[in-house]
Amino acid sequence: MKAIPKVGFVSLGCPKATVDSEHILTQLRAEGYEIVGSYQDANLVVVNTCGFIDAAVEESLDAIGEALAENGKVIVTGCLGAKGDVVKKAHPQVLAVTGPHATHEVMSAVHEHLPQPHDPYTSLIPPQGVRLTPKHFAYLKISEGCNHRCTFCIIPALRGDLVSRPVGDVMQEAENLVKAGVKELLVISQDTSAYGVDVKYRTGFWQGKPLKTRMTELVKALGELGVWVRLHYVYPYPHVDEVIPLMAEGKILPYLDIPLQHASPKILKAMKRPANSENTLERIQSWRKICPDLTIRSTFVVGFPGETEEDFEQLLSFLTEAQLDRVGCFTYSAVDGAKANELADHVPEDVKESRKARLMALQADISTNRLARKVGKKMIVLVDEITPEGVVARSAADAPEIDGLVFIDDAKKLAVGDLVQVEIIDSDEHDLWAKLVG
């Protein structure tokens, strides 16, 4: 009997890259390749890279080098592969290099260097495909690319303009995931609220009924599948207001991940982002009136070229007034190819780091106070992990890997993926502690 070809896989980068990896792994398994967990057992290795910031480029190049040293036969894909000949210059011995969202190109390279005849007995995969996430949650990518041209970002150069997936395909994948036991769908893209813009919100079909290729209609349909639906990477277009009532009604999770980036109109203009923070504050207040349980996560960049102390103070004032639940902060990184690198008045590194520390200290106080208000309240949580110390779960306010956790005391007979009611008994600046109800 012919030995089954074995492929090792290294997946780096953001959730969008994770979905790309899942598509490639699904196709590999569909064609009968075995996925192995060590370099030594693999006939070749695929490395899915990230190339967004310098640290990610370095990590990706190191991972490629390690794979070459340990195995010798390496195919590179992902965002770093789209950055010209960076990979080939650093590692000329790689077998092939592709950009992101390139399952077909990766498989062509695999076929060339590790042929595998089709075998109907080994080419069987579950309908939900191969996943890198735990069985109880999954990322659902609804589009690829982005139409914005933010001056600090090179995503459009790496992944191209917006291309929305057909709404019927998205719903079919979502249904397959739910049937496979997924309890939480995390909707991702480069710009979730732009879904359907490229096809002029074309009407598709799902279960024989018309369904518009548009965020509101999509998430309303997803909300009917009976699982948690969480929205990520939501650009604050006006029609985002339409999904807040769905959250208030319990159709989708009351959670918005909106990367606002800054609050100074001058800096937002230089970033080519919407430049009206007062309007953003008004909308946040309006959303919370409609849906008091709404959790808002955002990310900000400090030390952008031209950022003065006054600009930074505007950002701190915005955070104080907005009282966001979850905040991430990054210092500006001069990403190769970003237009912002050409701007004047770059901020010294020590000033960037100081501003980041000040912002995160302020947000720590805000987060501590907001989480303290939850003590004594009851809520439904999703069990993520069972450890010797106890049960680790998440609430509707917590996305996996980036937000807080809920630790449950004296919880027995629970399993990963269970949805259970708890009462919150303690909190700190990030996490909650709870006890089972009933």
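Here is a short walk through this structure, from its overall build to its interior. What you see is a predicted model, so we begin with the broad outline.

The chain contains 12 helices and 20 strands. Measured out along its principal axes, the C-alpha trace spans about 65 × 60 × 50 Å. For a chain of 438 residues, a compact globule would have a radius of gyration near 22 Å, and the value here, 23 Å, agrees with that.

How does the chain hold together across its sequence? Take the contacts between residues at least 6 apart in sequence: 73% of them join residues that are at least 24 apart. Turning to burial, 53% of the 438 residues count as buried.

Now let us look inside. In soluble globular proteins, nonpolar side chains tend to be buried together. The largest nonpolar core here has 51 residues, and Leu256, Phe318 and Leu324 touch the most other members. Helix α11, covering residues 309–322, gives the most to this core, with six residues. Apart from this core lies another one, of 18 residues, including Tyr39, Leu61, Leu68 and Val87.

Finally, come back to the outside and to charge. The chain exposes about 19600 Å², and carbon and sulfur atoms supply 53% of that area. Its side chains include 47 positive and 60 negative ones, and the centres of these two sets lie 6 Å apart.

Key:
Residues numbered from 1 in each chain as written. Predicted model: local features only at pLDDT ≥ 70, side-chain atom pairs only at ≥ 80, totals over all residues. Heavy atoms only, no water. Helix = DSSP H or I, 4+ residues; strand = E, 2+ residues; numbered from the N terminus. Rg over C-alpha atoms; globule rule 2.2 N^0.38 Å. Buried < 20%, exposed > 50% of the residue type's maximum accessible area, 1.4 Å probe, protein only. Contact = heavy atoms within 4.5 Å. Areas by Shrake-Rupley, 256 points an atom, 1.4 Å probe, with all protein chains shown as cover. Lys, Arg positive; Asp, Glu negative; His and termini not counted. Charge placed at Lys NZ, Arg CZ, Asp CG, Glu CD. Core = buried A, V, L, I, M, F, W, Y, C linked by side-chain atoms within 4.5 Å.
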